[in-house]
Amino acid sequence: MIRNYFKVAWRNLWKNKLFSIINILGLGLAIPFALLSLMQVQSAYEYDNFHPYPDRTYRIITDVTDNVGGKIKYALSPQTVAEQLKQDYPSIEKAIFVVREFGWELNNRIKTLDVNSIYVEPAFFDVFGFKLASGTAPVEPNSLVLTEEKALAFFGTTEAVGKVLTHPGYGDFTVTGVLKPYKRNTHLRSDVMVSMATYNKFSKDTALTSLNGFTYVLLKPTANKANLDAALTAVAAKINTKSIVNATKENLTFREQAITSVAPDFDDLRGNSYVESILDLAVNFGFALALLLLAGFNYVNLTLARSLSRAKEVGVRKVAGALRHQLVGQFICEAVLVALLSLALGFIVLKLMEQFSYVNWFTWKVDNQFVLWGTFIIFSIFIGALAGAIPARILSRFQPAKVLKGTIAPSTFGRMGLRNSLVVIQFVASSCFIFVMATFYNQFRYMATDNDNFNRKHIYNVSVKGDYRLLQQDLTANKNIERIGLVSTAFGGTTAQAAIKKNKQEQNKEASYYAANAEFISNMQLQFIAGNNLPASNGDSVSNFVVVNEQLLTTLGLGTPQEAVGKTILLNNDREVIINGVVKNFCYYIYQFATNPLVLQYNPSQFHLLSIKTKTEVDDAVFKSEIAAVWKKYHPHEELAFSNYQKEMYDRYFPGRDMKFMGMFCVVVLIIALMGLLGIVTYHTEKRVKEIGIRKVMGASVPVIVKELSKSFVKLIIIAAGIGLPVGYAICYFFISLFAYSPGVNLLMLCILFCCIFSIALITIAYKAIYAAIANPVKSLRTE
Amino acid sequence: MLLELKNMFKWVTVGGNRIFLLKDINLQVQEGEFISIMGPSGSGKSTLLNVIGMLDGFDEGEYNFLHESVHKLKEKQRAQLYKQYIGFVFQQYHLIDELTVYENIETPLLYQDVKSSERKAMVADMLDRFNIVGKKDLFPSQLSGGQQQLVGIARALIAKPKLILADEPTGNLNSRQGEEIMELFTQLNKEGVTIIQVTHSEKNAAYAGRTIHLLDGRIEKHINN
Ligand SMILES: Nc1ncnc2c1ncn2[C@@H]1O[C@H](COP(=O)(O)OP(=O)(O)O)[C@@H](O)[C@H]1O
Ligand SMILES: [Mg+2]
């Protein structure tokens, strides 16, 4: 029976090639996105499956209950837990502590790279499946191991043992080993693994209950989970009694997680870096499903549109004794066949995507191919069954007595409403998708090219160490240079923090702090609303004058900008400084966040960057070589770290690959909608070939017929516009409001985009209508 | 007795008015009979045939088929009954365009869960009998009208029904092809198959044992040939 179903299905597909192509192509373009999210799900379950003792390695996580009973779940735990477990509980073979620290950058004097870092104990390498290709585990303070990839990036070779890397805050590090490449899908993912001794040396947060890192235990082979539970309860009790003495009112409880079930995260744990929560996966999958749904609409729509031609078959089969469920089965088989063919196409598209638009926040490979293909196929069958179910139910309902007599006209089905709404939904959805993507694009471009918040144009940054003065003086001779500013770090990256308050009696507030000179502020073209720039200075001592932003005045309650100028504030608890000028709020950090209070102060010991403004546009390479020549005089053994600020910011903010991926997603959505429209229009014009023939014979002109044929579809597209524009605007508005700094929703752009979508749809309709209208009437009448 | 209709009425309601399609039909059909139904276009012949074939319901009266009360059966049981005992032949042949001759004939067997080997034998038998073995892999569009109708009849006969219902089986055929079909029906009838056919041709009607004349949904007269 099933064979017979598939045979008929296959012949039907073959006979109606256009419809088959529309369906298979539509689904085939949508499926790769679904496959990709399925892979994310599978890879989440394949996280951390390469460690040597999967059945007795656990992570300890913490539930913190505060004094009013609120409970927060953390992936983290205090450092003492591992120490206590190790010392006092015989069932535990090893207990280790791992700390993840963000925002690390290392340099080898030539280049600086952001690195992803964790602190590890030597036993870490016994418990986990990270292997060293060369060297030894880091033990001493200021030692680390790094991945081959980073070794290559820093040194151009994987033979990095013994070399030195410098951290701006912690000083020089010795490379003691190089890691073998390891599977990316681990929550311990990192570029460098630094000795725990380093952490212990620099960490100031020694509070007993501070959740600083991750605790892992390796049970003895003879021990079981109950032993661990008992140990955890005992440790928690000890910590909680001590912390009551210390007057923290929080209560900690510890739980264990098998290392293999760390991901995906069902608990929505805090501090659970690099573990995807089940919610993220679901959102991801939701997008893919939405796309599939749109492609599924095409199937439903086209199958229903053709239902009349299938009606006879249904009648005959019923007369031959087919029961309704058997017919439903047959139609579902057809849809499943389409879905399986689409899967084949989709897989090819997926491979092409991997090739040409790799986005690295996706996982493109999984371990278990069997499970992967199993899920793919079951998923396709499921999608097929779902898409087939609606037409199957409707088609199998036909009464043989009626359809065989030919008394059922298309209008009798009363399904035009459903079909039309599907077309409208498709266009509304595609416009919304495209609007949102365009708005994001707009936002990213704004962030990448913005010169309103601070000036990036004609600015070159040169990293300096130690004494920069001679270099600075020498450079002023360069005729291209207009001004040389000095600053701790450039705007747009991480900021240093400072504590501020109005006077000694008050609580400290947090502010962003930049050591800068007057020239830097001029270079950045910050807008003063009161007071003046920092006083010009070349001295060695910290100045008592600061420039602040409006937000600082609001936070500290210093009144209007005019009133604030001349007032003093207390910086870092010890230094009274005078507000010399107030600048307008601007985004110097991350565009999502509202501005923090900002303090700019002349502080020569913290200057690490020359911010050079050129008079005009200069050639990067030429200018660099000029600077390098001067640099060589003072730093003969170090490479110049030089960047074009504008380009650097562009590269940081413009997610080219991601945008390409999103763009592709949009194009696919639009293609699916257009193909659906094409299919429906084709079907309707084909059905009216005879009518058109008669009308032409009676003297109707081509334009009249085209108008007649397109009328109802144009109406649908106009309805779609009526819904899509406002809904799309609202969605865009929501997304853009996630950014504190944005150019807003560009309504004009949305309108232009919609006109484009609208025209493409119109062309699709017109193409088919004109094609039908200019056909030779005699021919079409004869074939009837 | 094979089937019996008693005081049967069928109507549709259009704009609040009842339009009668069948009025007070009383009919008894014995096993092995050959009956023709005649009447002007729109007189309800097809409607009557569909009701007998259980493809259509009725509103009043009784219908007994092999001592089962059809009007009391559920849809599923009705389908079970007709797929076992009744074969249909249509004026427009109604073959499935996507299936070959062989597969078209095989279709009813698929829905009766006949085993594959048995199906093969039965279809082969039928192809042989109708002399269309050479055409078994052709599609309906590749056959002439007469050949298509032969396939249609073969399909109706494949499941060995007791009753063949034929709605103007020769309506789209030329007279020579028509005659062949009538010869075939006569032959089948001799083998014990009950046949009820709708026809417009006096000549074809005469092949049957008796003719029922319909007018405006009412049986006007019975004529024994
Ligand atoms: N569902 C229906 N609704 C309204 N009228 C119907 C319906 N079915 C059939 N009829 C009418 O009943 C009459 C009988 O139809 P039919 O049995 O097909 O006649 P014929 O004798 O030509 O086969 C016709 O006038 C037809 O228009
Ligand atoms: Mg009729």
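How many residues of chain B are in contact with chain A? The count is 24 residues of chain B against 25 residues of chain A, where contact means heavy atoms within 4.5 Å.

This is a predicted model, in which local features need pLDDT of at least 70, side-chain atom pairs count only at pLDDT 80 or more, and totals for chains, interfaces and linings use all residues. Residues are numbered from 1 along each chain as its sequence is written, chains are lettered from A and ligands numbered from 1 in the order in which they are written, and side-chain values use heavy atoms, with hydrogens and water left out.

**Interface.** Between chain B and chain A about 2300 Å² is buried, and carbon and sulfur atoms give 59% of this. Buried area is the accessible area (1.4 Å probe) that two parts lose on being put together, summed over both. On the chain B side, H94(B), E98(B) and Y111(B) lose the most area to chain A, together 31% of what that side buries.

**Ligand site.** Ligand 1 is surrounded by residues from chains A and B, so the site is shared between chains. Eleven residues lie around the ligand, and G42(B), G44(B), K45(B), S46(B) and T47(B) come nearest. A residue counts as near if one of its heavy atoms lies within 4 Å. By class, the shell holds three nonpolar, six polar and two charged residues. Here Ala, Val, Leu, Ile, Met, Phe, Trp, Tyr, Cys and Pro are nonpolar, Asp, Glu, Lys and Arg are charged, and the others, Gly among them, are polar. Helix α1 (residues 45-52) of chain B supplies the largest share, three residues. Helices (H or I, at least four residues) and strands (E, at least two) are DSSP runs, numbered from the N terminus.

Oxygen atoms of ligand 1 make these polar contacts (N or O pairs within 3.5 Å):

| Residue | Partner atom | Distance |
|---|---|---|
| G42(B) | polar backbone atom | 2.8 Å |
| K45(B) | polar backbone atom | 2.9 Å |
| S46(B) | side-chain N or O atom | 2.6 Å |

Taken alone, ligand 1 exposes 560 Å², and the protein buries 62% of that. Such areas come from the Shrake-Rupley method with a 1.4 Å probe.

**Strands in chain A.** Strands β14 (residues 496-501) and β18 (residues 568-571) of chain A pair in the antiparallel sense over two bridges. Pairing requires at least two DSSP bridges. I500(A) has L571(A) in β18(A) as its bridge partner. β18(A) is also joined, antiparallel, to β19 (residues 575-583) of chain A by four bridges. There, L570(A) is partnered by E576(A) of β19(A). The hairpin of β18(A) and β19(A) has three residues between the strands, and N572(A) takes a positive phi near 50°.

Technical notes. A polar contact is a pair of N or O atoms within 3.5 Å; within protein, one must be able to donate a hydrogen and the other to accept it, and residues adjacent in sequence count only if both atoms are side-chain atoms.
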